Amino acid sequence: MSANSDLLDRSLSAVWHPCTQMKRHETLPLVPIARGEGVWLYDLDGRRYLDAVSSWWVNLFGHCNPRINAALADQLGKLEHVMLAGFTHEPVVRLSERLRELAPAGLGHCFYGSDGASATEIALKMSAHYWRNTGHPQKTQFISLQNSYHGETLGALSVTDVALFRDAYGALIRQNATVPCPDWRNAETGENAEAYALRCATALEVHLQEHHEHIAAFIVEPLIQGAAGMAMYHPSYLRRARELCSEYGVHLIADEIAVGMGRTGSMFACEQASIHPDFLLLSKGITGGYLPLSVVMTTDDIYRAFYADETARGFLHSHSYTGNPLACRAALATLDIFAEDDVLNANRDKAAFFNRIAQPLRDHSAVKDFRNTGMVWAFEVDTPHADFAQRCFSLGLQRELLLRPMGNTVYFMPPYVIREDEMLLLVGRTLEVIDHLT
């Protein structure tokens, strides 16, 4: 038995894998991974796969990055963990200070969790608790965009509009309203992305006019809705949403869990709309894809609403590994790489190169709505195969590619360290896969 086969058998015997119908692995083998380097993952037999999806959108600077490794090794020799309730430590303080300097103005305090869904839960609770503390206890409802995704814990599911994730747990979830998504693919003929975004913002305005007295917050994925199939929209929607939330006394929660940390071309997607949200959520790439960490950044005004003598007015929420020193140190190393390597400008050059070499994909007769924002690309494939996603995944592995389509949407979200020769390989072999399935 090969090393790969042995690990696969052991995994199927002992591990319940996430977001997976396990029975499928009777015919679709798991992919065993032994190590990573740069954009490549390697199995136990030495076969490699180009990680075109950054391992669920988390990896920014490649697998086994020497600078992040060194920072973690240094931190291991000092402090691995201490509770953040009643204690503090240098990495969490430094990270909070640096994020405050980088983020949109006014976001002066950081609250920590361990993953994206935790950040959503924190923001929802903090928003509703703020309104309670300030004399508006009736403001307990939330709104989100159609097709939105904000996580899979119960609070996060209440503002997630993806049936696959919600339906099985509907009886456990508080139902909240959605408003039309400004995804430009839904625009009328002759209507540009900005005009459609503003038309959708009008629907948001109508909803707020009618229900704002009971709404705590509007939560939105800025510029790109990931699980909706990389739905992209014009930043004018965010500008108008900020105006409306301010006008009607509703918090604006910017869920940048997937789209922050440079992924859309700016450090934070909100920057492209020149807005200041009331809450900014970060996770995934904040540690470079190394360790679980999430951050909820919020304003001094919201922080002050909890500052009181009474314990009950405090924000009574915690996670055992909140502000873990190792995770914070990985995040600090990640921020160092952004600064030292001028990553945002380098990414603009890489994106321009990728767009040039991807022209054959854009021109392919089966490819629809090819689109790009920052270091994210996506398109739909006109295919006769109902199981396109699974076939694409399997054919990609045969060609050294890790692709993970959503339905018939193929997307690329590679680590920022991807080289030009690796981009050429990714485009060329993806074309082979599409030719095979159309």
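Which ring does the charged end of Arg48 sit over? The charged end of Arg48 sits over the ring of Trp40, 3.7 Å from its centre. A charge counts as over a ring if NZ of Lys or CZ of Arg is within 6 Å of the ring centre and within 35 degrees of the ring normal. Arg35 has a similar listing: it lies over the face of Tyr42, at 4.0 Å from the ring centre.

The model is predicted, so local features need pLDDT of at least 70 and side-chain atom pairs count only at pLDDT 80 or more, while totals for chains, interfaces and linings use all residues. Residues are numbered from 1 along each chain as its sequence is written, and side-chain values use heavy atoms, with hydrogens and water left out.

Helix 2 spans residues 54–57 and contains Ser55. Helices (H or I, at least four residues) and strands (E, at least two) are DSSP runs, numbered from the N terminus. Ser55 is not a glycine, yet has a positive phi of about 50°. Its relative accessible area is 29%, which makes Ser55 partly exposed; buried means under 20%, exposed over 50%, and partly exposed in between, with a 1.4 Å probe and protein chains only. Trp57 is also placed in helix 2, and has a positive phi of about 75° although it is not a glycine. At 11% relative accessibility, Trp57 is buried.

Trp57 also belongs to the lining of the largest cavity, along with Glu256, Ile257, Ala258, Gly260, Met261, Arg263, Ser283, Lys284 and Gly285. On a 1 Å grid over the protein atoms alone, a cavity is a set of points where a 1.4 Å probe fits but cannot get out; a pocket is an open set with protein on both sides within 12 Å along at least five of seven lines; and lining residues have an atom within 4 Å of a point. Grid points are joined across faces, edges and corners, and a volume is the space filled by probe spheres set on the points. The whole structure holds two cavities of 30 Å³ or more. The volume of the largest is about 40 Å³, and its lining has four nonpolar, three polar and three charged residues. Here Ala, Val, Leu, Ile, Met, Phe, Trp, Tyr, Cys and Pro count as nonpolar, Asp, Glu, Lys and Arg as charged, and the others, Gly among them, as polar.

The second largest cavity has about 30 Å³ of space. Ala258 and Arg263 are among its lining residues, as are Ile224, Gly226, Met230, Val259, Val376 and Met413. By class, this lining has six nonpolar residues, one polar and one charged.

Among the pockets, the second largest has a volume of about 730 Å³. It is lined by 26 residues, of which Cys110, Phe111, Tyr303, Phe315 and His317 are the closest to its centre. Strand 4 gives the largest share of the lining, four residues. Helix 4 (90–102), strand 4 and helix 10 each supply at least two. The lining has 16 nonpolar and ten polar residues, and no charged ones.

Aromatic pairs come next. The whole structure has 14 of them. The rings of Phe111 and Phe315 have centres 5.1 Å apart and planes at 80°, so this pair is edge-to-face. Rings of Phe, Tyr and Trp (its six-membered ring) pair if their centres lie within 6.5 Å; planes under 30 degrees apart count as stacked, over 60 as edge-to-face and the rest as tilted. Phe111 lies in strand 4 (residues 109–113) and Phe315 in the loop between helix 10 (300–304) and helix 11 (325–340), so the pair ties together parts 204 residues apart in sequence. Phe315 is buried, at 16% relative accessible area. The rings of Tyr233 and Tyr237 are also edge-to-face, with centres 5.8 Å apart and planes at 80°. Tyr233 is buried at 6%, and Tyr237 is buried at 0%. One aromatic cluster is formed by Phe354, Phe370, Trp377, Phe379 and Phe412.

The loop between helix 10 and helix 11 also holds Tyr321, which is exposed at 57% relative accessible area.

Finally, strand 7 (residues 215–220) has six of its six residues buried. Strand 7 pairs with strand 5 (residues 141–145) in the parallel sense over four bridges; two strands pair if DSSP finds at least two bridges between them. Phe218 is the bridge partner of Ile143. Four bridges also join strand 7 to strand 10 (residues 251–255), again in parallel, and Ala217 stands opposite His251.
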